[in-house]
Amino acid sequence: MSLLPKNNLEIVDPFGEIINFTDTTGGYATNNTDGYGSPNLTYAQVGGINLLIGNYVNIVPSALGAGAALVPYTQYIKTSGTAKTYDSKSIAVGNYIVPHTTGLVVAAGDTFETTGYYNPLITPSRWLPTAMGNPLYLSTQDLGYTTLGVIPDSILTLQYEVYGIVNTSSGFTAAIGTKYLVTGTGNVTYSGSTYRQGEVFTASAATAVALVAGTGTFGVAPYNSGAVSNFQTIYNLETSLVSLQTSNILSPKTQSREYNYQVATIFTNIYTMQNAANIGLVSLGQAYDNIVSLQQEVDNLTNNIY
């Protein structure tokens with residue numbers, strides 16, 4: 001038995017600018033052996049969480065050559081070049097990096113690719129899962145968009161990682177193969193590289209993890225469990241549908257029954273596709289194409305084509 005976290009994304013903001021992320025795992029029970037609580041990790045033992053958010057419309061990798069900017073909180077993979085230091089970390093081919101600072105550029109002789117994932121900084125003081133199910137509020141910028149505003153309609157792939165009991169003793173020896181999250185406010189060093197709060201690293205040697213003096217408190221938590229899920233963000237589509245229904249109430253169509261049937265069918269198709277995408281019955285491309293197709297149907301109804 002082990003913890004297997006579950007989660008949900010839902011836009012509840014009436015203006016479509018904030019999305020709620022909720023841990024829906026629940027407590028350990030005979031009918032929920034994947035939940036929080038003994039013998040699994042308890043809520044109180046959760047040291048931190050990490051989110052990787054992939055947006056279908058920009059998840060196709062793009063290559064970056066020498067001089068290209070590495071955007072903060074965007075995940076990259078190094079594809080060529082010798083091992084070099086980026087933000088006090090030795091990065092070789094095949095290594096991932098998520099910059100937590102501005103001003104980083106690709107060095108001469110190196111190339112990187114985006115992975116399509118955005119990794120917003122979620123510190124323990126900002127949010128941890130609780131039995132009460134308190135949501136984490138994510139803005140458009142938390143999802144990787146450059147500006148605030150209405151969340152665009154798309155398909156999001158969410159990698160949710162839960163980390164365990166925080167080690168607060170600077171100088172502990174990392175376990176080979178274990179992935180760690182820096183939870184304290186101070187920077188830590190491991191195997192010649194430096195990591196900030198919210199950054200992760202995987203131990204490749206039994207080497208000490210130590211606090212960089214004067215940078216804050218020491219805290220490092222080991223990976224416990226995680227889950228991957230897909231969600232639709234369809235605020236604009238749903239708003240268009242509500243507008244259609246309101247319009248028909250205020251000024252009934254000549255073929256009102258057929259019109260309402262078409263609207264109901266669109267609603268059914270939306271949630272059928274959400275479920276199918278989340279449990280892997282259709283590809284993300286099919287799910288996104290469905291959103292585009294349904295928006296076209298809404299546009300047709302708006303123009304009295306039905």
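**Notes on a predicted model: pocket, rings and strands**

1. Let's start with the hollow you'll probably want to find in the viewer: the largest pocket has a volume of about 660 Å³. Keep in mind as you read that this is a predicted model.

2. Who lines that pocket? Its wall is made up of 25 residues. Nearest the centre you'll find Tyr-96, Tyr-195, Val-200, Phe-201 and Thr-202. Several strands chip in with two or more lining residues: β3 (48-55), β7 (89-91), β8 (96-97), β15 (193-195) and β16 (200-202).

3. What is the lining like by class? Sorted that way, the largest pocket has twelve polar, ten nonpolar and three charged residues in its lining.

4. Now for the aromatic rings. A ring pair is described by how far apart the centres are and by the angle between the planes. How many aromatic pairs does the count come to? The answer is eleven. Take Tyr-36 and Tyr-43 as a worked example: their ring centres are 4.2 Å apart and their planes meet at 25 degrees, so this pair is stacked. The cut-off to remember here is that planes under 30 degrees apart count as stacked. Are these two residues buried or exposed? Both Tyr-36 and Tyr-43 are buried.

5. Ring pairs also build a cluster, linking Phe-172, Tyr-180, Tyr-190, Tyr-195, Phe-201 and Phe-218. Two of those names should ring a bell: Tyr-195 and Phe-201 are also among the residues nearest the centre of the largest pocket.

6. Next, have a look at a small piece of strand architecture. Strands in a sheet pair through backbone hydrogen bonds, in a parallel or an antiparallel way. Here, three strands form an open sheet in the order β1-β2-β10, and the pairing is antiparallel. Why do β1 (7-10) and β10 (136-139) each have one side without a neighbour in the sheet? They stand at the edges with a single partner strand each, so one side of each is left free of a neighbour there. From one strand to the next, the twist averages 25 degrees.

7. Zooming in on one pairing, β2 (residues 18-23) is joined to β10 by four bridges, with the two running antiparallel. A handy spot to check is Ile-19, which stands opposite Leu-138 in β10.

8. Last stop: Ala-264, which sits in helix α2 (residues 256-278). With 40% relative accessibility, Ala-264 counts as partly exposed, because that class runs between the 20% and 50% cut-offs. Ala-264 is 19 residues from Gln-245 in sequence, and the C-alpha atoms of the two are 9.8 Å apart in space.

How values were computed: Residues are numbered from 1 along each chain as its sequence is written. This is a predicted model: local features need pLDDT of at least 70, side-chain atom pairs count only at pLDDT 80 or more; totals for chains, interfaces and linings use all residues. Side-chain values use heavy atoms; hydrogens and water are left out. Buried means under 20% relative accessible area, exposed over 50%, partly exposed in between (1.4 Å probe, protein chains only). Rings of Phe, Tyr and Trp (its six-membered ring) pair if their centres lie within 6.5 Å; planes under 30 degrees apart count as stacked, over 60 as edge-to-face and the rest as tilted. On a 1 Å grid over the protein atoms alone, a cavity is a set of points where a 1.4 Å probe fits but cannot get out, and a pocket is an open set with protein on both sides within 12 Å along at least five of seven lines; lining residues have an atom within 4 Å of a point. Grid points are joined across faces, edges and corners, and a volume is the space filled by probe spheres set on the points. Ala, Val, Leu, Ile, Met, Phe, Trp, Tyr, Cys and Pro count as nonpolar, Asp, Glu, Lys and Arg as charged, and the others, Gly among them, as polar. Two strands pair if DSSP finds at least two bridges between them. Axes are lines fitted to C-alpha atoms, for helices over the stretch in contact, and angles run from 0 to 180 degrees between N-to-C directions.
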